[in-house]
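The exercises below concern salt bridges between charged side chains and the surroundings in which the partners sit. Please work through each task before reading the solution that follows.

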Amino acid sequence: MKSFFQKGFDAVNKMNEEAKANSGRTGIYDFYVKDGEEKLMRFLTDEPLSFYAHTIKVGTVPRVFVCTGEPDCKGCQQPDSFDASKLNKRSIKSAFLVLDGTVTTKDEVVNGAPTGKVIEYTDQVRVMVRGTSDVAAIQRNKEKYGLLDRAYYVSKNGKKNPYNFDRVDDCPAGKDPLYWSKAPLTEEAKEKIIESLPEKYKEIAKTEGFMGVLQSLFVPYGETEVEEPKEVQQATGLKRL
């Protein structure tokens, strides 16, 4: 039987250090490009993880869940997120694990109180979930240039238009060449990326690789307790538990 308790004074110090290390890093968030935006990203997986999916709002934020295809699929029984008079239809989704080069900021909070300092985040692992039109463009880039050999600028022009993927031939100014050079990621780079993951995904990455991490992010609706995204997310992002 799994124990939820740890004994001794040393356990207190250990748990406190683990809590500090994982503060604000409980999930892997969505890589999302708004209309008119451009973001730097690098593929960590070069094959899509594809599945039938339901998009269901958790609070005000859309989440992607696996459709089991079974008569008792709870996702199929949910109302449509945008028209409650209809049942939630499934659609084909494909996911990639990526490294996001965007620089974001967050107010530092220690023991529930803001410190007045602002923390910068960059080179974060994200999940990109797209439909068939974007996957076709990604496949063309893989065939022409390869996905794991370089970074890409991703942009969007028009709310209903697919993403544009423009290859990056040199390390962008100000970015770490370890992650953003035109070359496959080294073992050192991969190890550092794995160490940056939330604790519950590190062991999966070490034993099953980035594809294993990607697969662990998606579950059928109702199989796990969900929560609304924390402040670190973009308002339109998808939270992965």
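K206 has a relative accessible area of 52% and is therefore exposed, given that the class begins over 50%. The model in which this value was computed is a predicted one.

**Exercise 1.** Determine which side chain meets K206 in a salt bridge, and which helices hold the two partners.

Solution. Step one is the contact: the side chains of K206 and E195 meet in a salt bridge, with an N to O distance of 3.5 Å, which falls within the 4 Å cut-off. Step two places the partners: E195 belongs to helix α4 (residues 187-195) and K206 to helix α5 (residues 199-216), so the pair ties together parts that are 11 residues apart in sequence. Step three concerns accessibility: E195, at 43%, counts as partly exposed. Finally, the pair can be set in its context, since a network of salt bridges links E195, E199, K202 and K206.

**Exercise 2.** Decide whether D123 and K175, which form a salt bridge, are buried or exposed, and state which parts of the chain the pair ties together.

Solution. The closest N and O atoms of D123 and K175 are 3.1 Å apart. D123 lies in the loop between β7 (113-121) and β8 (124-130), whereas K175 lies in the loop between β10 (163-168) and α3 (177-180), so the pair ties together parts that are 52 residues apart in sequence. With a relative accessible area of 16%, D123 is buried, and K175, at 16% relative accessibility, counts as buried, the cut-off being under 20%.

Definitions and conventions:
Residues numbered from 1 in each chain as written. Predicted model: local features only at pLDDT ≥ 70, side-chain atom pairs only at ≥ 80, totals over all residues. Heavy atoms only, no water. Helix = DSSP H or I, 4+ residues; strand = E, 2+ residues; numbered from the N terminus. Buried < 20%, exposed > 50% of the residue type's maximum accessible area, 1.4 Å probe, protein only.
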